[in-house]
Amino acid sequence: METNGTNHHSRENRPSTGSNNANRGQSTEKEVFVNHAQMTWHEVRRQWAGDQSQKSKRMPREPIMSWTTTYEDLLCSTERFQQPIPLAEMVDFLVDTWHEEGLYD
């Protein structure tokens with residue numbers, strides 16, 4: 001027995017499925033598709049990458065590798081670099097070297 005006087009199984013406030021489907025075809029309102037997966041992906045990416053507008057714009061720093069360093073210098077040396085070389089700097093170095101040697105078009 002229910003104490004508040006309502007019946008959960010009552011159909012008074014719910015439209016029947018038949019009339020709902022009939023009204024859907026005649027509706028003048030357009031249903032807008034919301035891509036929840038894309039919204040979640042962007043939110044997770046923003047959390048992972050951080051808010052780019054909040055980051056300070058750093059001045060470009062001097063490269064760690066000398067401009068006179070050659071590919072052979074890197075391959076033949078067993079010494080460690082004095083400090084870590086940023087990936088972007090190493091990629092630029094390798095691409096320039098490969099261009100010079102005709103290996104990268």
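At 22% relative accessibility, L74 counts as partly exposed, and this leucine is a handy way into the structure. L74 lies in helix α3 and, neighbours within four places in sequence aside, is in contact with M65, T69, F81, M90 and F93. Please keep in mind that the model is predicted; the protein chain averages a pLDDT of 76. Its elements are four helices and zero strands.

**Overall picture and confidence**

- From the N terminus on, the order of elements reads α-α-α-α.
- Of the 105 residues in the protein chain, 6% count as buried.
- The accessible surface of the chain comes to about 10800 Å², and carbon and sulfur atoms hold 52% of that area.
- A pLDDT of at least 70 is reached by 65% of the residues.
- Among the elements, helix α2 has the highest mean pLDDT, at 92, while helix α1 (residues 17-26) has the lowest, at 53.
- Over residues 8-14 the pLDDT stays under 50, and for this stretch the model has three contacts beyond four places in sequence.

**Helix α2 and its salt bridge**

- Helix α2 covers residues 36-49, and its 14 residues should span 20 Å at 1.5 Å a residue; the end C-alpha atoms are 20 Å apart, so the span agrees with the expected value.
- The N-terminal end of α2 is capped by N35, with a side-chain oxygen 3.2 Å from the backbone nitrogen of A37.
- After α2 comes G50, a glycine with a positive phi near 85°.
- The structure holds one salt bridge, in which the side chains of E43 and R46 meet at 2.9 Å, N to O.
- Both E43 and R46 lie in α2, three residues apart, which is about one turn of the helix.
- An α-helix has 3.6 residues a turn, so residues three or four places apart point the same way.
- How exposed are the two partners, E43 and R46? E43 is partly exposed, with a relative accessible area of 33%, and R46 is partly exposed too, at 42%.

**Helix α4 and what covers it**

- Helix α4 (residues 87-100) has 14 residues and reaches 20 Å from its first C-alpha to its last, close to the 20 Å expected at 1.5 Å a residue.
- Its buried residues are E89, F93, V95 and T97.
- The cover over these buried residues includes α3, residues 71-76.
- Two of the contacts of L74 in α3 are M90 and F93, and F93 is one of the buried residues of α4.
- Why does E89 count as buried? Its relative accessible area is 17%, and the cut-off for buried is under 20%, so E89 falls on the buried side.
- Beyond four places in sequence, E89 is in contact with P63, I64 and M65; M65 is also among the contacts of L74.
- L74, at 22%, does not fall under that 20% cut-off, so it is classed as partly exposed.
- Following α4 is G102, which has a positive phi near 75°.

**Two aromatic residues outside the helices**

- Where does W67 sit? W67 is placed in the loop between α2 and α3.
- W67 counts as exposed, because its relative accessibility of 76% is over the 50% cut-off.
- W67 and F93 are 26 residues apart in sequence, and their C-alpha atoms are 9.1 Å apart in space.
- Y104 lies in the segment after α4 and is partly exposed, with a relative accessible area of 39%.
- Which residues does Y104 touch, not counting those up to four places away in sequence? They are V95, W98 and H99, and V95 is one of the buried residues of α4.
- Y104 and L94 are ten residues apart along the chain, with 9.6 Å between their C-alpha atoms.

Terms used:
Residues are numbered from 1 along each chain as its sequence is written. This is a predicted model: local features need pLDDT of at least 70, side-chain atom pairs count only at pLDDT 80 or more; totals for chains, interfaces and linings use all residues. Side-chain values use heavy atoms; hydrogens and water are left out. The expected span of a helix is 1.5 Å times one less than its number of residues. Buried means under 20% relative accessible area, exposed over 50%, partly exposed in between (1.4 Å probe, protein chains only). Contact means heavy atoms within 4.5 Å. A polar contact is a pair of N or O atoms within 3.5 Å; within protein, one must be able to donate a hydrogen and the other to accept it, and residues adjacent in sequence count only if both atoms are side-chain atoms. pLDDT is the predictor's confidence in each residue, from 0 to 100. Accessible areas come from the Shrake-Rupley method with a 1.4 Å probe; for residues, only the protein chains shown count as cover. A salt bridge is a side-chain nitrogen of Lys or Arg within 4 Å of a carboxyl oxygen of Asp or Glu.
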